Amino acid sequence: MISEALRKARNFEAQYGPHIPAGERPAFHATPTIGWMNDPNGFSLYKGEYHLFYQYHPYSNEWGPMHWGHLKSRDFIRWERLPAAMAPDKDYDMAGCFSGSAIELPDGRQLLLYTGVQRGHNSEGFLQDIQTQCVAIGDGVDYEKCLENPVLEGKDLPEGGSSIDFRDPKLWREADGTYYAVIGNRTEDGSGAILLYRSDDALQWEYVRTVDRSYNQYGRMWECPDFFPLDGKRVLLTSPQEMTPLGLEFHAGNGTVCLIGDCGPEGRGFVRQFVQAIDYGLDFYAPQTLLTEDGRRVMVAWMQNWSTTGAKPYHCRWFGQMTLPRELAVKDGRLYQNPVRELEAYRGRHVMHRNIPVSAEVNLPGLQGRTLDMTVTIRPMGNEMYRWFRVRVAKDGEHETIVRYRPSDGTLKIDRTRSGLPHDIVHTRSFLVRYRDGELKLRIILDRFSLEVFVNDGEQAASAVIYTRQEADAISFEAGGPVLMDVEKYDLVFEEEE
Ligand code: FRU
């Protein structure tokens, strides 16, 4: 049965979504049908297709009572719009259907596990949320919320856990048929923890253990966990709120953290060994992964930062986009990320320039555009070490987005100060790349309203949203001191939707 609230959302998106011209959206990054999008939810394989739900408020370009929007794809690149999957329409989720995950059940149905939010007054009269975990089951389009809801609530928390901050379940099924879920929680020290639950049917859950916790070191509340084995390690992803900066690794506010470790003594635990940021750019939050049929662990995230959501074009009809899905690997205790290989099927015109000497600003034939896949490799010329190197993209007389490398301190900087956002927000971010005697490889993916940089074959990634007008499509290179450069560029070519 489709509730009144869901019917209203579906009618609204069907009526107004198609009015947004395809050219006003990214060509291949997922966006909401209309209105607001935040976290990816339920990113999973269902009946051979990739489903991507998202936190959704169709009625404005602001966050509001959370619905689940719905997209699906066969290749992570072309997304088909499906009707909104859930609306806040039960007493246990009236204040929002918050983030969660999805899985294909053995009987062929699709199960969504999400956080239901209710709002009430606490003993001091203040409004506060109560968060519980809830289930909806459906056929890939329509979902029925279960009578058993909520399936996890305050009484299922370990001692000291908070039911005000208990959210974002990510579930999976082990080979023996047991379901597990990791869920974010706030502990008695005020900071985050990731709790592990198990179940035989995905409806009745029991607490197993705490996988890891912040101890106020990596931010406060830990949101949106994911936990999976990869390349002989176990990887825990989480998005902490209220982080304090740590060198150039972590910045203040909402961040993302990847913890890499081993199984504990009982085999299903987690012993943390390495901690790093997931993405070093300006816009990245709440990543979620799936496992493809050919065994790839693919991650997608909200390409946005909560602190800058107020900065958007006046009257925009959609707000929020997802990153390009990325293939993950672990090497030498580090998380590697590279664009899904499916992107290569959309490569069009190819331009290659080798051994180009760069010092004063150069523009090269065939190099421009806003929807492209470009790899720039640089090295010092002779024995002299250059002082800096810059790539400028999305450029015209007024605009530019700059990626700058400085070998003396090994920093890469993303600068979108002149990228079409007339707002006083953070526009630059610098981070340390591994020093390689001035050799550096940057793969830059542009898709109209964003730039994603993959450093040294995926050792690091950095994402940023830009709003530069599309006519600003020049690309140039410049160096302080002599640099030798190779550039390979493919246009990415898509037939526009009607
Ligand atoms: C993270 C988050 C989640 C929550 C959702 C609400 O961005 O705050 O913790 O479930 O967004 O929209």
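**Cavities, ligand shell and pocket**

Modeller: S1, S5, S9, S13 and S17 each supply at least two residues of the lining of the largest cavity. The model is predicted, so local features need pLDDT of at least 70 and side-chain atom pairs 80 or more, while totals for chains, interfaces and linings use all residues. Numbering runs from 1 along each chain as its sequence is written, and side-chain values use heavy atoms, without hydrogens or water.

Colleague: Thanks! How many cavities of 30 Å³ or more does a search of the whole structure find?

Modeller: A cavity is a set of points on a 1 Å grid over the protein atoms alone where a 1.4 Å probe fits but cannot get out. The largest has a volume (the space filled by probe spheres set on the joined points) of about 70 Å³. The second largest has about 40 Å³. With the cut-off at 30 Å³, the search of the whole structure gives two.

Colleague: Which residues of the lining are closest to the centre of the largest cavity?

Modeller: Lining residues have an atom within 4 Å of a point. There are 13 residues in this lining, and those closest to the centre are Pro 40, Ser 99, Asp 168, Cys 224 and Gln 288.

Colleague: And which residues line the second largest cavity?

Modeller: This one has a volume of about 40 Å³. Its lining consists of Asp 283, Gln 304, Thr 308, Ala 311, Phe 319, Arg 416, Leu 421, Ile 425, Val 465 and Tyr 467.

Colleague: On to the largest pocket: which residues lie nearest its centre?

Modeller: A pocket is an open set of points with protein on both sides within 12 Å along at least five of seven lines, and the largest has a volume of about 620 Å³. Two or more lining residues each come from strands S1 (35-46), S5 (96-104), S9 (166-173), S13 (222-230) and S17 (285-291); strands are DSSP E runs of at least two residues, numbered from the N terminus. Of the 22 residues in the lining, those nearest the centre are Ile 103, Trp 172, Arg 173, Leu 291 and Arg 297.

Colleague: Which residues come nearest to the ligand?

Modeller: The shell around the ligand draws at least two residues from each of S1, S5, S9 and S13. It holds 13 residues, counting those with a heavy atom within 4 Å. The nearest are Asp 39, Gln 55, Arg 167, Asp 168 and Trp 306.

Colleague: How far is a polar side-chain atom of Asp 168 from an oxygen atom of the ligand?

Modeller: Two neighbours help set the scene: for Gln 55, a polar side-chain atom lies 2.7 Å from a ligand oxygen. For Trp 306, a side-chain N or O atom is 2.8 Å from a ligand oxygen. For Asp 168, the distance to a ligand oxygen is 2.5 Å.

Colleague: Is Asp 226 buried or exposed?

Modeller: Asp 226 sits in strand S13. Since buried means under 20% relative accessible area and exposed over 50%, with partly exposed in between (1.4 Å probe, protein chains only), the 1% of Asp 226 makes it buried.

Colleague: Last one: what distance separates the C-alpha atoms of Arg 220 and His 399?

Modeller: Arg 220 is in the loop between strand S12 (205-213) and S13, and counts as partly exposed because its relative accessibility is 30%. Along the chain, Arg 220 and His 399 are 179 residues apart, and their C-alpha atoms are separated by 37 Å.

Notes:
Helix = DSSP H or I, 4+ residues; strand = E, 2+ residues; numbered from the N terminus. Polar contact = N/O pair within 3.5 Å; in protein donor to acceptor, adjacent residues only side chain to side chain.
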